[in-house]
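Work through the exercises below with the model open beside you. Try each task before reading its solution.

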Amino acid sequence: MRKVYFDHNATTPVHPEVAEAVRPYLFDLFGNPSSIHWAGRDVRKSVEDAREEIAVFYGCRPLEIIFTSSGTEGDNLALKGVAYLEGNGGKHIVTCRVEHPAIMNTCRFLESRGFRVTYVPVNRQGIVEPDAVRRAIGPDTMLVSIMAANNETGCLMPIEEIGAIAREAGALMHTDAVQATGKIPLPWETLPVDLLTFSGHKINGIKGAGGLIVRKGVEISPVLHGGHQERGRRGGTENVIGIVAMGKAFSLLRRNMDAEVAEVRRLRDALERALFDRIPDLVLNGHPTLRMPNTVNISFRYVEGEALLLNLDMLGIACSSGSACTSGSLEASPILLAMGADPTDSQGALRFSLGYGNSDEDVSYAVDAIERVVNKLRAMSPLYKPREAKIR
Ligand SMILES: Cc1ncc(COP(=O)(O)O)c(C=O)c1O
């Protein structure tokens, strides 16, 4: 059976050149980068080379990068790192309703510690409107955190405008660029952003490594206290393999990003067009154009997303539904609900996220399979009355 992987927003396959680059670190290059002897020195150099590579990619200074264990830790470090410096409570954070749980749950934790958080809404197409952020900011706002791209819909947020608004108000600006990295340009020098999170496993690196870029002059409190690693901003012996892998993944991005983005956009557009042409009663979730080039999120009316997902899995197709099955009942995706989508439509939503390794054959196999499965499930639904019209 053919295997088609359309879940690159969840994680990506390790690039063969990345795998090759980390091999020596499983054998001879095992030292602790903090050791001053020969075994440590070589490894320290590799970690710093990776930092340099990532700095060149974003256009930041190497010392502005703090390595973390994940995008989740980077988000925690950004929010708690700023909040803890402000002392215990009272101050205000602005974020939005469609952030990843790494931001959402950190904000909820900070609320439990006395900080105030405003969750600004998104519009029907899933985009945060800069004016909504402007209205939410008050005199005690210390931080605005808005993602660069949404993981479920792919929607691109206007972070330049929002960052400018935050700065004008004297607040720091953080962006979760875990999904946006490698999909859109993020020129650190001109971006009005003070803190930016990235993650290695979303860009064909290895799981368990990420980072936070903190603009020179911006102070944050550590969250992990320990040794002097990362200049005292994150204790713990570095994940050398994960960091070297990220360095390689970023160098590949620097070389190939434009071509890869163009190719993945071509495949995503082909998938989207074919599905809308061949299957009636579909709804596109998210903005038609202000969207990452690799993502399409579609509600298949009269079908449950989870049933569709499982049937496609049996045909070798990996994709994702935003809904969660809790105690036997299906909950609609909170992201789609925050966009004002119809709850029934939200339950029938699937996200297809393409990336390195996908081909035209994957698209045509998937389109045939999806059409067959949707027809089969609709035939079993008492609610479904066949229609010709395309809804978009
Ligand atoms: C927008 C966003 N932020 C943060 C994360 C968390 O990253 P990690 O898996 O590296 O912890 C993800 C992962 O899906 C994400 O999509």
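The exercises cover the ligand site, the aromatic pairs, charges over rings, and a few single residues of this predicted model.

**Exercise 1. The ligand shell**

Task: Find how many residues surround the ligand, and which are closest.

Solution:
- Step 1. Select residues with a heavy atom within 4 Å of the ligand. The shell holds 13 residues.
- Step 2. Pick out the closest: Thr 72, Asp 176, Gln 179, Ser 199 and Lys 202.
- Step 3. Sort the shell by class. Two residues are nonpolar, eight are polar and three are charged.
- Step 4. Look at where the shell comes from. Helix H3 (residues 71-85) gives the largest share, three residues.

**Exercise 2. Polar contacts to the ligand**

Task: Which distances separate oxygen atoms of the ligand from polar side-chain atoms of Thr 72 and Gln 179?

Solution:
- Step 1. Start at Thr 72. A polar atom of its side chain is 2.6 Å from a ligand oxygen.
- Step 2. Go to Gln 179. Here a polar side-chain atom lies 2.8 Å from an oxygen of the ligand.
- Step 3. Add His 201. An N or O atom in the His 201 side chain is 2.8 Å from a ligand oxygen.
- Step 4. Check the cover. On its own the ligand has 390 Å² of accessible area, and the protein covers 88% of that.

**Exercise 3. An aromatic pair between two helices**

Task: Describe the pair of Phe 57 and Phe 250 by its distance and angle.

Solution:
- Step 1. Recall what is needed. The distance of the centres and the angle of the planes describe a pair of aromatic rings.
- Step 2. Count the pairs. There are seven aromatic pairs in the structure.
- Step 3. Take Phe 57 and Phe 250. Their centres are 5.1 Å apart, and their planes meet at 65°.
- Step 4. Classify. An angle over 60 degrees counts as edge-to-face, so the pair of Phe 57 and Phe 250 is edge-to-face.
- Step 5. Place the rings. Phe 57 belongs to helix H2 (residues 38-58) and Phe 250 to helix H7 (residues 240-278), so the pair ties together parts 193 residues apart in sequence.
- Step 6. Test burial. The cut-off is under 20% relative accessible area. Phe 57 is buried at 18%, and Phe 250 is buried at 0%.
- Step 7. Widen the view. Phe 57, Tyr 58, Phe 198 and Phe 250 make up one aromatic cluster.

**Exercise 4. An aromatic pair between two strands**

Task: Are Phe 300 and Phe 352 buried or exposed, and what is the geometry of their pair?

Solution:
- Step 1. Read the geometry. The centres of Phe 300 and Phe 352 are 6.5 Å apart, with 80° between the planes, and the pair is edge-to-face.
- Step 2. Locate the partners. Phe 300 lies in strand E10 (residues 295-300) and Phe 352 in strand E14 (residues 349-353), so the pair ties together parts 52 residues apart in sequence.
- Step 3. Check burial. Both Phe 300 and Phe 352 are buried.

**Exercise 5. Charges over rings**

Task: Over which rings do Lys 80 and Arg 215 sit?

Solution:
- Step 1. Lys 80 lies over the face of Phe 109, 5.0 Å from the ring centre.
- Step 2. Arg 215 has its charged end over the ring of Trp 188, 4.0 Å from the centre.

**Exercise 6. The contacts of Thr 106**

Task: Which residues does the side chain of Thr 106 reach?

Solution:
- Step 1. Place Thr 106 in helix H4 (residues 101-112). Thr 106 is buried, at 4% relative accessibility.
- Step 2. Find the side-chain partner. The side chain of Thr 106 makes a polar contact with that of Asn 76, at 3.3 Å.
- Step 3. Find the backbone partner. The Thr 106 side chain reaches the backbone oxygen of Ala 102 at 2.5 Å.

**Exercise 7. Positive phi**

Task: What are the phi values of Arg 231 and Tyr 302, and where do these residues lie?

Solution:
- Step 1. Arg 231 is in the loop between E8 and H7. Its phi is near 50°, a positive value in a residue other than glycine.
- Step 2. Arg 231 counts as exposed, at 59% relative accessibility.
- Step 3. Tyr 302 is in the loop between E10 and helix H8 (305-314). Its phi is near 70°, positive in a non-glycine residue.
- Step 4. Tyr 302 is partly exposed, with a relative accessible area of 33%.

Definitions and conventions. Residues numbered from 1 in each chain as written. Heavy atoms only, no water. Polar contact = N/O pair within 3.5 Å; in protein donor to acceptor, adjacent residues only side chain to side chain. Areas by Shrake-Rupley, 256 points an atom, 1.4 Å probe, with all protein chains shown as cover. Helix = DSSP H or I, 4+ residues; strand = E, 2+ residues; numbered from the N terminus. Nonpolar A, V, L, I, M, F, W, Y, C, P; charged D, E, K, R; others polar. Phe/Tyr/Trp six-rings, centres within 6.5 Å; stacked < 30°, edge-to-face > 60°. Buried < 20%, exposed > 50% of the residue type's maximum accessible area, 1.4 Å probe, protein only. Lys NZ or Arg CZ within 6 Å of the ring centre and 35° of its normal.
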